[in-house]
Amino acid sequence: MAKPDKVAAVAEIAESFRSSSATVVTQYTGLSVSQLSQLRRALGTSAKYRVAKNTLVKRAAEDAGVQGLEDLFVGATAIAFVEGEAVDAAKALRDFAKDNNALVIKGGYMDGKALSVDEINRIADLDSREVLLSKAAGAFKAKLSQAAALFQAPASQVARLAAALEEKQRNATGTEAAEAPAES
(Lines give C-alpha, C1' and ligand atoms only; values in the text may rest on other atoms or scores of the structure.)
Protein backbone atom coordinates (compact mmCIF):
# COMPACT_ATOMS: atom_id res chain seq x y z
CA MET A 1 0.00 0.00 0.00
CA ALA A 2 1.32 3.44 -0.94
CA LYS A 3 2.20 5.89 1.78
CA PRO A 4 0.16 9.10 1.73
CA ASP A 5 3.25 11.33 1.65
CA LYS A 6 4.63 9.54 -1.41
CA VAL A 7 1.25 9.70 -3.15
CA ALA A 8 1.13 13.44 -2.44
CA ALA A 9 4.70 13.89 -3.72
CA VAL A 10 3.90 12.02 -6.95
CA ALA A 11 0.76 14.13 -7.45
CA GLU A 12 2.71 17.34 -6.86
CA ILE A 13 5.48 16.37 -9.30
CA ALA A 14 2.90 15.25 -11.89
CA GLU A 15 1.17 18.62 -11.58
CA SER A 16 4.55 20.35 -12.03
CA PHE A 17 5.08 18.35 -15.24
CA ARG A 18 1.62 19.36 -16.51
CA SER A 19 1.87 23.05 -15.65
CA SER A 20 5.42 23.68 -16.84
CA SER A 21 6.24 24.84 -20.35
CA ALA A 22 9.41 22.71 -20.32
CA THR A 23 11.46 20.55 -17.98
CA VAL A 24 15.19 19.98 -17.77
CA VAL A 25 16.54 16.87 -16.04
CA THR A 26 19.91 17.26 -14.33
CA GLN A 27 22.31 15.28 -12.22
CA TYR A 28 23.53 17.24 -9.22
CA THR A 29 25.96 14.83 -7.53
CA GLY A 30 28.73 16.80 -5.86
CA LEU A 31 26.91 20.12 -5.55
CA SER A 32 26.77 21.59 -2.07
CA VAL A 33 23.63 23.02 -0.52
CA SER A 34 24.96 26.53 -1.08
CA GLN A 35 25.62 25.75 -4.76
CA LEU A 36 22.07 24.41 -5.14
CA SER A 37 20.82 27.64 -3.57
CA GLN A 38 22.93 29.62 -6.06
CA LEU A 39 21.41 27.61 -8.90
CA ARG A 40 17.89 28.26 -7.65
CA ARG A 41 18.68 31.99 -7.46
CA ALA A 42 20.15 31.88 -11.00
CA LEU A 43 16.93 30.30 -12.26
CA GLY A 44 14.91 33.02 -10.53
CA THR A 45 11.22 32.93 -11.25
CA SER A 46 11.62 31.24 -14.62
CA ALA A 47 11.87 27.73 -13.11
CA LYS A 48 11.49 25.67 -9.95
CA TYR A 49 14.39 23.32 -9.27
CA ARG A 50 13.30 20.16 -7.46
CA VAL A 51 15.29 17.22 -6.14
CA ALA A 52 13.22 14.03 -6.01
CA LYS A 53 13.53 10.27 -5.89
CA ASN A 54 13.70 8.64 -9.30
CA THR A 55 10.87 6.18 -8.59
CA LEU A 56 8.55 9.04 -7.63
CA VAL A 57 9.56 11.09 -10.67
CA LYS A 58 9.01 8.13 -13.01
CA ARG A 59 5.49 7.60 -11.64
CA ALA A 60 4.72 11.31 -11.81
CA ALA A 61 5.97 11.56 -15.41
CA GLU A 62 3.81 8.57 -16.34
CA ASP A 63 0.78 10.13 -14.62
CA ALA A 64 1.39 13.41 -16.46
CA GLY A 65 1.77 11.68 -19.84
CA VAL A 66 5.43 12.62 -20.21
CA GLN A 67 7.26 9.99 -22.23
CA GLY A 68 10.83 9.55 -23.34
CA LEU A 69 12.55 10.59 -20.12
CA GLU A 70 12.63 7.22 -18.32
CA ASP A 71 16.30 6.61 -19.15
CA LEU A 72 17.28 9.95 -17.58
CA PHE A 73 15.97 9.10 -14.11
CA VAL A 74 19.15 7.37 -12.91
CA GLY A 75 21.43 8.57 -10.13
CA ALA A 76 20.97 11.81 -8.19
CA THR A 77 18.28 13.49 -10.24
CA ALA A 78 16.86 17.00 -10.00
CA ILE A 79 14.40 18.58 -12.37
CA ALA A 80 13.98 22.20 -13.37
CA PHE A 81 10.29 22.79 -14.04
CA VAL A 82 10.25 25.81 -16.35
CA GLU A 83 7.35 28.14 -15.69
CA GLY A 84 8.55 31.13 -17.70
CA GLU A 85 10.62 31.28 -20.83
CA ALA A 86 12.48 28.08 -21.64
CA VAL A 87 15.34 30.14 -23.08
CA ASP A 88 16.02 31.90 -19.78
CA ALA A 89 16.02 28.68 -17.76
CA ALA A 90 18.16 26.83 -20.29
CA LYS A 91 20.71 29.67 -20.26
CA ALA A 92 20.82 29.72 -16.47
CA LEU A 93 21.34 25.95 -16.27
CA ARG A 94 23.95 25.90 -19.04
CA ASP A 95 25.91 28.79 -17.55
CA PHE A 96 25.79 27.27 -14.06
CA ALA A 97 26.93 23.90 -15.45
CA LYS A 98 29.90 25.62 -17.15
CA ASP A 99 31.00 27.10 -13.82
CA ASN A 100 30.18 23.98 -11.76
CA ASN A 101 31.21 20.71 -13.37
CA ALA A 102 29.16 18.77 -10.80
CA LEU A 103 25.91 19.83 -12.50
CA VAL A 104 25.22 17.69 -15.56
CA ILE A 105 22.31 18.38 -17.88
CA LYS A 106 20.88 15.02 -18.94
CA GLY A 107 17.99 16.06 -21.16
CA GLY A 108 14.57 17.61 -21.05
CA TYR A 109 11.01 17.72 -22.27
CA MET A 110 9.15 20.44 -24.15
CA ASP A 111 6.11 20.63 -26.43
CA GLY A 112 5.32 16.95 -26.07
CA LYS A 113 8.74 15.59 -26.95
CA ALA A 114 11.94 14.63 -25.20
CA LEU A 115 14.93 16.93 -25.70
CA SER A 116 18.58 15.97 -25.95
CA VAL A 117 21.37 17.92 -24.28
CA ASP A 118 22.27 19.47 -27.67
CA GLU A 119 18.70 20.68 -28.16
CA ILE A 120 18.71 22.25 -24.70
CA ASN A 121 21.99 23.99 -25.52
CA ARG A 122 20.50 25.29 -28.78
CA ILE A 123 17.53 26.65 -26.84
CA ALA A 124 19.98 28.35 -24.48
CA ASP A 125 21.72 29.96 -27.47
CA LEU A 126 18.50 31.63 -28.62
CA ASP A 127 17.77 35.24 -27.84
CA SER A 128 15.21 35.86 -25.13
CA ARG A 129 11.63 36.69 -26.02
CA GLU A 130 12.14 40.39 -25.23
CA VAL A 131 15.17 40.62 -27.50
CA LEU A 132 13.34 38.88 -30.35
CA LEU A 133 10.35 41.20 -29.94
CA SER A 134 12.56 44.28 -29.98
CA LYS A 135 14.34 43.02 -33.11
CA ALA A 136 10.96 42.45 -34.78
CA ALA A 137 9.79 45.92 -33.75
CA GLY A 138 12.97 47.45 -35.18
CA ALA A 139 12.48 45.57 -38.44
CA PHE A 140 8.86 46.74 -38.68
CA LYS A 141 9.90 50.33 -37.97
CA ALA A 142 12.56 50.17 -40.69
CA LYS A 143 10.05 48.81 -43.21
CA LEU A 144 7.56 51.54 -42.31
CA SER A 145 10.27 54.19 -42.79
CA GLN A 146 11.13 52.69 -46.17
CA ALA A 147 7.45 52.70 -47.15
CA ALA A 148 7.04 56.33 -46.07
CA ALA A 149 10.09 57.32 -48.12
CA LEU A 150 8.75 55.36 -51.10
CA PHE A 151 5.36 57.08 -50.90
CA GLN A 152 6.99 60.48 -50.45
CA ALA A 153 9.38 60.05 -53.39
CA PRO A 154 6.85 60.62 -56.23
CA ALA A 155 5.55 63.80 -54.59
CA SER A 156 9.04 65.21 -54.15
CA GLN A 157 9.95 64.20 -57.72
CA VAL A 158 6.87 66.06 -59.03
CA ALA A 159 7.82 69.11 -56.96
CA ARG A 160 11.39 69.06 -58.32
CA LEU A 161 10.07 68.62 -61.86
CA ALA A 162 7.67 71.55 -61.44
CA ALA A 163 10.50 73.71 -60.05
CA ALA A 164 12.73 72.74 -62.99
CA LEU A 165 9.99 73.56 -65.52
CA GLU A 166 9.33 76.89 -63.83
CA GLU A 167 13.05 77.69 -63.91
CA LYS A 168 13.21 76.70 -67.58
CA GLN A 169 10.25 78.94 -68.39
CA ARG A 170 11.82 81.84 -66.51
CA ASN A 171 15.07 81.33 -68.38
CA ALA A 172 13.21 81.07 -71.69
CA THR A 173 11.19 84.26 -71.00
CA GLY A 174 14.30 86.03 -69.71
CA THR A 175 16.18 85.11 -72.88
CA GLU A 176 13.31 86.32 -75.11
CA ALA A 177 13.10 89.56 -73.12
CA ALA A 178 16.84 90.06 -73.42
CA GLU A 179 16.75 89.38 -77.19
CA ALA A 180 13.71 91.57 -77.85
CA PRO A 181 15.27 94.95 -76.95
CA ALA A 182 18.30 94.22 -79.10
CA GLU A 183 16.13 93.93 -82.23
CA SER A 184 14.50 97.29 -81.82
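Helices (H or I, at least four residues) and strands (E, at least two) are DSSP runs, numbered from the N terminus. The model is predicted: local features need pLDDT of at least 70, side-chain atom pairs count only at pLDDT 80 or more, and totals for chains, interfaces and linings use all residues. Residues are numbered from 1 along each chain as its sequence is written, and side-chain values use heavy atoms, with hydrogens and water left out.

**View 1. Five strands form an open sheet.** The strand order is 2-3-1-4-5, and the pairing is antiparallel. Two strands pair if DSSP finds at least two bridges between them. Strand 2 (47-51) and strand 5 (113-115) stand at the edges. Each has a single partner strand, so one side of each is left without a neighbour in the sheet. From one strand to the next, the twist averages 20°. Axes are lines fitted to C-alpha atoms, for helices over the stretch in contact, and angles run from 0 to 180 degrees between N-to-C directions.

**View 2. Helix 2 packs on the sheet.** Helix 2 covers residues 33-43. It touches strand 2 and strand 3 (77-82). Contact means heavy atoms within 4.5 Å. The direction of helix 2 makes about 155° with that of strand 2.

**View 3. Strand 1 pairs with strand 3 and with strand 4.** Strand 1 spans residues 22-27. Five of its six residues are buried, so strand 1 is largely enclosed by the rest of the structure. Buried means under 20% relative accessible area, exposed over 50%, and partly exposed in between (1.4 Å probe, protein chains only). Six bridges join strand 1 to strand 3, running antiparallel. In that pair, A22 stands opposite V82. Six bridges also join strand 1 to strand 4, again antiparallel. Here Q27 faces V104.

**View 4. Strand 4 meets strand 5.** Strand 4 takes in residues 104-110. Three bridges link it to strand 5, and the two run antiparallel. G108 stands opposite L115 of strand 5.

**View 5. K106 is a buried lysine without a salt bridge.** K106 lies in strand 4. A salt bridge is a side-chain nitrogen of Lys or Arg within 4 Å of a carboxyl oxygen of Asp or Glu. The nearest side chain of opposite charge, D71, is 11 Å away. Lys and Arg count as positive and Asp and Glu as negative; His and the chain ends are not counted. The backbone oxygen of V74 lies 2.4 Å from a polar atom of the K106 side chain. Not counting residues up to four places away in sequence, K106 touches V25, T26, Q27, L72, V74, T77 and V117.

**View 6. R170 joins two glutamates in helix 6: E166 and E167.** Helix 6 runs through residues 129-183. The side chains of E166 and R170 meet at 2.6 Å, N to O. These two residues are four apart, about one turn of the helix. The R170 and E167 side chains meet at 3.2 Å, N to O. That pair is three residues apart, also about one turn. Relative accessibility is 45% for E166, 48% for R170 and 37% for E167. Each counts as partly exposed.

**View 7. Salt bridges also occur outside helix 6, including one between E119 and K113.** A search of the whole structure finds eight salt bridges. The E119 and K113 side chains meet at 3.1 Å, N to O. K113 is partly exposed, with a relative accessible area of 43%. R94, D95 and D125 are linked in a network of salt bridges.

Conventions:
Polar contact = N/O pair within 3.5 Å; in protein donor to acceptor, adjacent residues only side chain to side chain.
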